[in-house]
Amino acid sequence: MATVRVPEQKIILCGEYGVGKSSIFRRFATNSFVTATDRKSTLGLDHYDRSFAVGERNFQLQLWDTGGMERIASITSSYYKFAEAALLVFALDNPASFHSLSQHMLDVVSYAENAKIFLVGNKVDLEQTGEVTDADMESFCEQCHSLISATYKISCKTGEGIEEMFQDISNTLVESNRSRLELQQLESHGFKIEPPEEIGEPSCLC
């Protein structure tokens, strides 16, 4: 049986300043956490590669961080280009960072239209009653018309949920690539796959 070769998968971090995007990047790259007083701002694009085991194969994820420079036009195109997945990151203790995700969602859909989108609530160690709730996250996903592939609650400070999240994302991307390859093989043999009938444009992007 032929094996499915999955290329290196680019993942981008999106969200407001201070929600922990660079902390997620640091956990991914070095499994470390730097406090706010010792932290230095990330300057420009940065990326790091890691392998994850999916079945009997190693799967390569490449995580990208902008250091808060998403709005610079020269960075936007190169940052989003060829992204297979996007993490919409907000802070669970900061409702404003959650409510600002609509614009980031729009950016992903506009510049990386084929990317799988994952909703990530950081700082679960600081989560308190009255902050962003599970119901809020579920409502966001419903308003996004099934564009969100999965949701996660993590803590960059303690490391809670980080490895499990990236392993789950790896599994999702492998399955997505397998389905895409099978579709390409069917089409190469003369089978035409018709897209589902559209039922109208979404009323909003969350």
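## The middle of the sheet

In strand S4, valine 89 is the bridge partner of glycine 15. That pairing comes from a predicted model, in which local features need pLDDT of at least 70 and side-chain atom pairs count only at pLDDT 80 or more, while totals for chains, interfaces and linings use all residues. Residues are numbered from 1 along each chain as its sequence is written, and side-chain values use heavy atoms, with hydrogens and water left out. Helices (H or I, at least four residues) and strands (E, at least two) are DSSP runs, numbered from the N terminus, and two strands pair if DSSP finds at least two bridges between them.

S4 covers residues 85–91, and it has parallel partners in two strands. Strand S1 (residues 9–15) pairs with S4 over 5 bridges in the parallel sense. Strand S5 (residues 116–122) also runs parallel to S4, with 7 bridges; here glycine 121 of S5 stands opposite phenylalanine 90. As for cover, 7 of the 7 residues of S4 are buried (under 20% relative accessible area; exposed is over 50% and partly exposed in between, using a 1.4 Å probe on protein chains only). Ala85, Leu87, Val89 and Ala91 point one way from the strand, Ala86, Leu88 and Phe90 point the other way, and both sets are buried.

## The overall layout

The protein chain has 6 helices and 6 strands, in the order β-α-β-β-α-β-α-α-β-α-β-α from the N terminus on. Of its 206 residues, 40% count as buried. Take the contacts (heavy atoms within 4.5 Å) with a separation of 6 or more: 72% of them join residues 24 or more positions apart.

## Helices H1 and H5

Helix H1 (residues 21–30) is mostly covered, with 9 of its 10 residues buried. Among them are the charged-type names Lys21, Arg26 and Arg27, along with Ile24, Phe25 and Phe28. Right after H1 comes asparagine 31, with a positive phi near 55 degrees.

Helix H5 (residues 134–143) has Met137, Phe140 and Cys141 as its buried residues. Seen down the helix axis, these fall within an arc of 95 degrees (taken from the directions from the axis to the C-beta atoms), so they line one face of H5. The general rule behind this is that an α-helix has 3.6 residues a turn, so residues three or four places apart point the same way. Glu138 and Glu142 are exposed on the other side of H5. And what covers the buried residues? The cover includes S4, helix H3 (95–99), H4, S5 and strand S6 (148–153). Just after H5, histidine 145 takes a positive phi of about 55 degrees.

## Rings and charges

A search of the whole structure turns up 9 aromatic pairs. Rings of Phe, Tyr and Trp (its six-membered ring) pair if their centres lie within 6.5 Å; planes under 30 degrees apart count as stacked, over 60 as edge-to-face and the rest as tilted. One pair is tyrosine 80 with tyrosine 111: the ring centres are 5.5 Å apart and the planes are at 40 degrees, so this pair is tilted. Tyrosine 80 belongs to helix H2 (residues 73–80) and tyrosine 111 to helix H4 (residues 101–111), so the pair ties together parts that are 31 residues apart in sequence. Tyrosine 80 is buried at 2% relative accessible area, whereas tyrosine 111 is partly exposed at 49%.

Ring pairs also link Phe28, Tyr48, Phe52 and Phe166 into a cluster. Phe28 has a charge over its ring too: the charged end of arginine 50 is 5.3 Å from the ring centre. That label needs NZ of Lys or CZ of Arg within 6 Å of the ring centre and within 35 degrees of the ring normal. Likewise, lysine 10 lies over the face of tryptophan 64, 4.4 Å from the ring centre.

## A serine in H6

Serine 170 is found in helix H6 (residues 162–188). Is serine 170 buried or exposed? With a relative accessible area of 0%, serine 170 is buried. Leaving out residues up to four places away in sequence, serine 170 touches Phe52, Val54, Phe59 and Leu61.

## How far to trust it

The chain has a mean pLDDT (the predictor's confidence in each residue, from 0 to 100) of 81, and 73% of its residues reach 70 or more. Residues 182–189 stay under 50, with 4 contacts beyond four places in sequence. Residues 195–206 are also below 50, and this stretch has 14 contacts in the model beyond near neighbours in sequence. Where pLDDT is low, the predicted coordinates should not be read in detail.
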